[in-house]
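Trainee: I've never looked at this one before. Could you walk me through a few spots in it?

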Amino acid sequence: MERPAVIEVEDLTKVYDLGEQKVEALKGVSLRILAGEIVALMGPSGSGKSTLMNLLGCLDRPTSGEYSLNGNDIGSLSSDEMAALRNHEIGFVFQNYNLLARTTSLENAELPSLYNGVPTAEGRRKAREMLELVGLGDRMTHRPTQLSGGQQQRVAIARALLNDPRIILADEPTGNLDTQTGAEIIELFKTLNREKGITIVFVTHDPEVASHGQRVIHFKDGLVEREEAGSRTNAAAAGQSAQVHAAAESEDAGGGDVAGAGGGGAGHDGGGADDNGNSADNGNGGRYGRRRLGAGVRANVRIALRAIRVNKLRSALTMLGVIIGVGAVIAMVAIGEGAKARVAKQMERLGSNRVSVYAGMVTRGGRRVRGARITTLTEADARAIQADVPGVVRVAPHVRGSAQVVYGNKNWYSPFTGTTPDYLGIMNWGVESGSGFTDDDMLLNRKVALIGQTVGKELFGDDYPIGQTIRVKHIPFEVVGVLKERGTSSWAGDLDDIVIVPLKTAQRKLLGIRYVRGIEVSAESQEATSDVQDGITALLRVRHKITGTKLDDFRVRNRTDILEAANEAASTLGYLLAGIAGVALIVGGIGIMNIMLVSVTERTREIGVRLAIGARRRDIRRQFLTEAMVLSLLGGAVGIVAGAAASLGLSYMGGWQIVISPSAVLLAFAFAAAIGVFFGFQPANRAARLNPIEALRYE
């Protein structure tokens with residue numbers, strides 16, 4: 001039975017453009033290599049044999065001529081289809097092994113499985129089998145630097161065999177080996193040819209090595225000079241092997257040519273083809289099937305983590321910008337949210353359903369007058385609000401001032417408030433000891449006082465203050481109660497530094513006025529405060545005879561307005577600080593891009609190896625994008641921990657309330673990932689655009 005041709009080359013030329021000079025490496029080479037053959041290519045350096053091997057291995061494209069592999073025109077294939085061929089049909093064995101220095105023998109051998117969708121466990125099992133086959137079962141965990149030259153070449157052969165190729169192309173496989181080891185490698189090739197029917201094509205300078213080929217093709221000056229039979233070939237055995245292989249080919253391909261990338265027919269995996277015989281699998285070749293994303297992602301993450309471990313210090317410095325940026329985002333958002341929570345808590349403590357009326361602004365004699373100079377608010381206004389505005393529960397007019405408060409030989413300068421008994425209820429304030437003053441106290445103008453915790457400590461220390469007499473502006477007041485502690489406010493200071501006395505007593509005895517400075521109103525619910533606010537405004541405009549566009553001589557505010565204003569201020573500050581943190585993140589991203597560009601340059605040969613064994617450009621791009629993202633996400637994770645720790649430290653040292661929001665953590669983490677993708681894309685794209693041959697030759 002006549003053996004089919006697996007490789008057919010017709011008038012193949014290759015010209016290298018070196019600028020002013022053009023080098024014609026191949027000048028019209030034509031040859032046929034049959035299934036199951038062992039063919040040796042010989043010739044002096046510069047004769048074009050290695051260039052031909054690169055073209056046969058789909059690592060490069062010819063300048064002109066035709067190349068058919070298993071009956072399929074290679075010239076019409078896309079780069080992805082050629083990558084699929086390199087991964088499934090061809091096993092390439094390089095003269096200098098081209099093993100990845102940072103990986104073990106097992107990881108080197110399983111490398112092709114990363115680019116054909118094989119599950120990780122399956123790829124690793126097959127790699128172990130191949131290493132056992134080449135006699136390296138006890139060297140699986142050794143790195144290339146721990147192996148001899150012959151052992152490294154055996155690892156390269158195991159890698160080439162992983163995906164059951166039909167053809168092995170070996171470029172000077174014994175060139176760097178001693179005579180005995182070289183003979184062992186040649187015997188291994190002959191065994192693979194005999195037992196598996198694999199077509200072997202190898203380049204050599206050594207006539208002794210070439211004699212093991214069934215045919216020896218001599219090259220000179222880019223042309224085939226002559227062919228001859230190998231002197232050590234067992235023709236009968238070779239013919240029997242070829243017949244077995246041809247029968248297998250016929251059975252596997254359904255009687256026709258083997259289906260490759262872009263070729264017709266059904267292959268190993270039964271992939272479909274269209275009416276023109278082209279693969280229906282979107283460029284992956286009918287026999288190859290679609291490559292699954294999951295295995296590639298896991299493998300890329302492993303590769304990224306390995307690269308980070310190899311360059312620990314450099315990776316740590318690269319991540320520093322991301323760590324600072326994410327940590328700053330977490331800390332700043334935590335402080336901002338804490339400020340909002342603190343304001344909300346203070347509002348709740350002061351009465352969330354509270355509406356306040358204050359003196360506003362009027363125009364007198366062409367001048368605008370506001371605040372304390374306006375005397376239009378009165379107790380009558382407070383009574384009208386209580387009677388006429390729907391939704392009002394309590395009303396408490398008040399006046400305020402400051403004075404020296406004296407007890408015995410102690411004195412304290414403190415604010416005071418003159419108001420009614422409803423004031424404490426509106427302000428959500430209670431009495432810790434003693435009692436509040438009553439309506440009778442108001443009616444009879446009794447000189448009684450409630451004091452805050454701060455005043456009590458400053459004047460009485462550990463003494464019991466109830467029933468004692470204090471002097472405010474030299475006027476004696478009996479202390480009838482001590483107020484509960486309220487703490488501090490961001491806008492009102494120490495809320496416990498206060499003396500509260502009946503309204504009329506404060507007006508007449510302490511201030512000498514008849515008007516009030518403000519009116520505190522309690523609505524029936526927080527939701528009703530807006531309606532109450534509108535009702536008060538409408539009522540007071542009528543009572544104060546304000547019409548048209550005249551300015552109101554009062555201001556009405558509810559706690560919601562104050563809370564929104566405080567939250568807006570906190571948010572603005574948070575955005576500012578987050579913007580600063582964002583700048584740090586961008587700087588970190590630039591650092592990632594810079595180090596990834598360095599990594600691409602350092603690993604150019606590795607990229608060439610991956611391309612040579614079947615990685616598509618998108619696989620290389622995805623690998624380096626994954627590395628950039630892993631760097632960024634690791635930095636983000638460390639930054640989150642650092643930001644949380646910094647927030648807790650600031651809270652402990654400064655007494656600030658903080659709120660570490662899960663949404664802020666997720667946002668910072670997502671931003672770190674986006675930084676990795678954005679700044680990692682350019683280096684990844686640069687790596688993906690590398691030419692396999694140029695990358696393999698890079699020093």
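Trainee: At roughly what angle do the axes of helix α5 and helix α6 cross?

Mentor: First, this is a predicted model with residues numbered from 1 along each chain as its sequence is written, and side-chain values use heavy atoms, with hydrogens and water left out. Local features need pLDDT of at least 70, side-chain atom pairs count only at pLDDT 80 or more, and totals for chains, interfaces and linings use all residues. Helices here are DSSP runs of H or I with at least four residues, and strands are E runs of at least two, numbered from the N terminus. The axes of α5 (residues 149–161) and α6 (residues 179–196), lines fitted to C-alpha atoms over the stretch in contact, with angles running from 0 to 180 degrees between N-to-C directions, come within 10 Å and cross at roughly 20 degrees.

Trainee: And what does that make α5 relative to α6?

Mentor: Contact here means heavy atoms within 4.5 Å, and residues making it include G150 and I157 of α5 and I185 and L188 of α6. Angles under 35 degrees count as roughly parallel, so α5 is, relative to α6, roughly parallel.

Trainee: Over to strand β17: which residue of β22 is the bridge partner of I451?

Mentor: Two strands pair if DSSP finds at least two bridges between them. β17 (residues 448–451) runs parallel to β19 (residues 475–483), joined by 4 bridges, and there I451 stands opposite V482. With β22 (residues 499–502), β17 pairs in the antiparallel sense over 2 bridges, and the partner of I451 is V499.

Trainee: Which residues of β17 share a side with neither V448 nor L450?

Mentor: Both faces of β17 are covered, and its four named residues are all buried, meaning under 20% relative accessible area with a 1.4 Å probe, protein chains only. V448 and L450 take one side, and on the other are A449 and I451.

Trainee: Which helix gives the most to the largest nonpolar core?

Mentor: A nonpolar core is a set of buried Ala, Val, Leu, Ile, Met, Phe, Trp, Tyr and Cys residues joined through side-chain atoms within 4.5 Å. The largest has 72 residues, and I7, L31, L41, L52 and Y67 have the most contacts inside it. The helix giving the most, with 7 residues, is α19 (residues 617–654).

Trainee: Last one: in what order do the 4 strands of the open sheet come?

Mentor: The edge strands, each pairing on one side only, are β2 (22–34) and β5 (72–73). β4 (residues 64–69) pairs with β5 over 2 bridges, and L69 stands opposite N72. The pairing is antiparallel, and the order is β2-β1-β4-β5.

Methods
Buried means under 20% relative accessible area, exposed over 50%, partly exposed in between (1.4 Å probe, protein chains only). Angles under 35 degrees count as roughly parallel, over 145 as roughly antiparallel, 65 to 115 as roughly perpendicular and the rest as oblique.
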